[in-house]
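Reader: I'd like a close look at one part of this protein, the nonpolar core and whatever packs in or around it. Could you walk me through it side chain by side chain?

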Amino acid sequence: MLAFGAWGRKRTQNQADYLVAGRRLGPFLYMGTMAAVVLGGASTVGGVGLGYRMGLSGMWLVVAIGVGVLLLSLCFSGMISRLRIYTVSDMLALRYGPRATRASGIVMLLYTVALAVTSTGAYATVLHVLLGWDRWLCVLLGGAVVLVYSVVGGMWSITLADQAQFFIKTIGIFFLMLPIVLSQAGGFAGVRERLGDEAFRLVGTAEHGADAGTILTWFLVYTLGLLIGQDIWQRVFTARSPRVATFGGAAAGVYCILYGAAGALIGMGAKAVLGDGIVARDDVYAEVANRLLPAGLGGFVLAAGIAAMMSTASGALIAAATVAKNDVVPLVTGRASLSESTAEGGSAEAHDEISGNRAWVLGLGLLVTAISALMALSSGGGDVVVACLTVAYDLLVGGLLVAIVGGFVWKRGTGAGATAAMIGGMLATVAAMAAYAVKLGSALDGILANEPIYWGLGVSLALYVIVSLLTPVTAEPIRAEWRARLSRSHSATR
């Protein structure tokens, strides 16, 4: 990974190289980096654990992620690529006007930082199993590696590292864990004999597996969250053409769906062989590597888990730095955000911009590593991190989804409607969390409840439609620029 950082540095000549790999990725590199960034610890270690606990119905969380990548790629990525922007807030500014929705960057920054913290803590858990060190030391070790290659070469280094991580994950999951575990379990027939038919149900019950309500919530949060996450959009910006973004992304979505099914089957096979004595769901992955695979192959599988989490952590880190520099600082200082004409020509100013971006990645990386280390030292750190990530995801989807997707699909949507949808959706989500915390008698249960996101989306949609219809249409110069960006040819976006 460190070597990829040095290699990527040689290819980084300007700001576009550093933030979006020069918008030059072809189908193979794009597919690998997209699959790598979305398949992190929740999909790899967590996916195997869900299969262990819930059977085949546990695959739907990762499948929801794959469906999100498919929808983004087939419906929106071509348009996103043509816009030639750096952040989600840039899209909102183009569509509704520069002052309408800039505060969205604060929500996106909280989401990306929470995602980076969670991924850092996750790969530290695997390093803890592998090395036997204290968790906070494992955070510092893994965080240092991710920080160095992310800071040095930016998106080029991250993309090259993602390819290695994609290869390691593919070999580890599909060609080692899946066949070996199923073989030791006696194949599908052996798993069915030991676990029963209910383990193979696609939709479980409240007692056995993931029920319909849980599956629906997964799709609502993860599928819709992937449509608007800065870490995902920043990968779309790296495609060399809208066609690459569409078809390379679709291939990544299909890969994610197969990955989810494979993880669930591995978890089911592990339960058939090892029994149901593993208490912590996230320990199943490491137990399979240590107890069911030969020593060398087990080490490779643990490396696959670490690779999955590192790719998500590095993607979230550069996304957080981009949002902070492009959206949050201009909001606070009042200066202009990044423009597409700035720092893409290799000038002295371009190198100054690269240094500035490196400083942001370094600063936020140190912050993320410090938070993760403190969480590792705290006995309740895991619950706190999960709660923070849930709040970030719910605010992201409940507050921003309607304004972003509405901007693409409804011409009558206005800046006032988008602003009302964002504020109302976030407030409704927070209020619902508080209400369910009181109802359930626990703040954590209120945060983790399924219902707040439904309330947030409902209020956001209602406000977007009503306020947009009651306010004047967006000014013609803004609409003209939006139409011009979307109508660019493939060659014009390269």
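Author: What follows is a walk through the core of this predicted model, then a few spots elsewhere in the chain.

Let's start in the middle. The largest nonpolar core counts 150 residues, and M34, V38, M91, W233, I404 and F408 are the ones that touch the most other members. Helix α8, spanning residues 135-184, gives this core its largest share, with 19 residues. As a bit of background, nonpolar side chains tend to be buried together in soluble globular proteins.

Now pick W233 out of that group. Setting aside its neighbours within four places in sequence, W233 is in contact with L72, I80, I85, V88, M91, L227, I228, I404 and F408. M91, I404 and F408 in that list also belong to the core residues that touch the most other members. W233 turns up again among the aromatics: ring pairs link it with F76, F237, F408 and W482 into a cluster.

Just along from W233 comes a charged residue, R235, which is found in helix α11 (residues 230-236). Is R235 buried or exposed? R235 counts as buried, because its relative accessibility is 0%. What does its side chain pair with? The side chain of R235 makes a polar contact of 2.7 Å with that of D162. Beyond its neighbours within four places in sequence, R235 is in contact with Y30, T33, M34, V37, M155, I158, D162, S311 and G315. So the polar partner D162 is on that list, and M34 is there too.

Next, the other side of the W233 story, around I404 and F408. G406 has its place in helix α16, residues 381-409. With a relative accessible area of 7%, G406 is buried. Not counting residues up to four places away in sequence, G406 touches Y96, L401 and Y464. P472 is 66 residues from G406 in sequence, and their C-alpha atoms are 16 Å apart in space. V465 follows Y464 and is found in helix α19 (residues 451-470). V465 counts as partly exposed because its relative accessibility is 32%. Between the C-alpha atoms of V465 and V402 there are 9.7 Å, although the two are 63 residues apart along the chain.

Back to the aromatics for a moment. Searching the whole structure turns up twelve aromatic pairs. One of them is F174 with Y259: the ring centres are 6.1 Å apart and the planes are at 70°, so this pair is edge-to-face. F174 lies in helix α8 and Y259 in helix α12 (residues 242-274), so the pair ties together parts that are 85 residues apart in sequence. How buried is each partner? F174 counts as partly exposed, since its relative accessibility is 21%, while Y259 is buried at a relative accessible area of 1%. The 20% cut-off for buried is what puts F174 in the partly exposed class.

Rings also meet charges here. The charged end of R192 sits over the ring of F200, 4.3 Å from its centre. K271, for its part, lies over the face of Y52, at 5.9 Å from the ring centre.

And the cysteines? There are zero disulfides in the structure. C75 is in no disulfide, and the nearest cysteine sulfur, that of C256, is 16 Å away. C75 counts as partly exposed, given a relative accessibility of 44%. C138, on the other hand, is buried, with a relative accessible area of 0%.

Finally, have a look at two backbone oddities in loops. R23 has a positive phi of about 55° although it is not a glycine. R23 is placed in the loop between α2 (15-20) and α3 (27-38), and at 5% relative accessibility it counts as buried. R84 likewise has a positive phi, near 50°, in a residue other than glycine. Its loop is the one between α5 (60-83) and α6 (88-96). R84 is buried as well, with a relative accessible area of 13%.

How values were computed: Residues numbered from 1 in each chain as written. Predicted model: local features only at pLDDT ≥ 70, side-chain atom pairs only at ≥ 80, totals over all residues. Heavy atoms only, no water. Helix = DSSP H or I, 4+ residues; strand = E, 2+ residues; numbered from the N terminus. Buried < 20%, exposed > 50% of the residue type's maximum accessible area, 1.4 Å probe, protein only. Polar contact = N/O pair within 3.5 Å; in protein donor to acceptor, adjacent residues only side chain to side chain. Contact = heavy atoms within 4.5 Å. Core = buried A, V, L, I, M, F, W, Y, C linked by side-chain atoms within 4.5 Å. Disulfide = S-S within 2.5 Å. Phe/Tyr/Trp six-rings, centres within 6.5 Å; stacked < 30°, edge-to-face > 60°. Lys NZ or Arg CZ within 6 Å of the ring centre and 35° of its normal.
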